[in-house]
Amino acid sequence: MLTWGAFCVLKVLFSTDTIVRGGKERQLFILYRVLLEKGFQVTILTKNFSNENYILEYGLDKNIVKLFQGNSWLAKYIT
């Protein structure tokens with residue numbers, strides 16, 4: 001596990017237009033899991049989410065994905 005000091009939180013934000021069952025999603029969830037094991041706080045943002053994906057296959061919770069709609073969906077999360 002990485003140690004950066006008592007007050008440092010390591011955060012990673014992934015954003016993608018759609019989460020379905022494809023190569024991009026497989027790589028994303030593998031990377032998510034590795035970063036989580038190393039102590040990072042990881043969030044995935046998407047505009048479209050299909051139940052046909054790899055989340056359960058990789059032993060992840062469905063709540064790791066935040067779904068946002070509209071033109072300013074990213075701004076709603078980071079502001």
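**Entry 1, the criterion.** I took a salt bridge to be a side-chain nitrogen of Lys or Arg within 4 Å of a carboxyl oxygen of Asp or Glu. The model I searched is predicted, and I found three salt bridges in the structure.

**Entry 2, R21 and E57.** I looked up this pair and noted that the side chains of R21 and E57 meet in a salt bridge, at 2.8 Å from N to O. This pair links distant parts of the chain, since R21 lies in the loop between β1 (11-19) and α1 (23-37), while E57 lies in the loop between β2 (41-49) and β3 (65-67), 36 residues apart. I then checked accessibility: R21 is partly exposed at 43% relative accessibility, and E57 is also partly exposed, with a relative accessible area of 48%.

**Entry 3, K24 and its partners.** I turned next to K24, which forms a salt bridge with D17, where the closest N and O atoms are 3.2 Å apart. K24 also forms a salt bridge with E25, and there I recorded 3.7 Å between the closest N and O atoms. Through shared partners, salt bridges join D17, K24 and E25 into one network.

**Entry 4, burial within the network.** Is E25 buried or exposed? I noted a relative accessibility of 3% for E25, so this residue counts as buried, the cut-off being under 20%. K24, by contrast, is partly exposed, with a relative accessible area of 41%.

**Entry 5, a general remark.** I keep in mind that side chains of opposite charge can pair when their charged atoms come close.

Conventions: Residues are numbered from 1 along each chain as its sequence is written. This is a predicted model: local features need pLDDT of at least 70, side-chain atom pairs count only at pLDDT 80 or more; totals for chains, interfaces and linings use all residues. Side-chain values use heavy atoms; hydrogens and water are left out. Buried means under 20% relative accessible area, exposed over 50%, partly exposed in between (1.4 Å probe, protein chains only). Helices (H or I, at least four residues) and strands (E, at least two) are DSSP runs, numbered from the N terminus.
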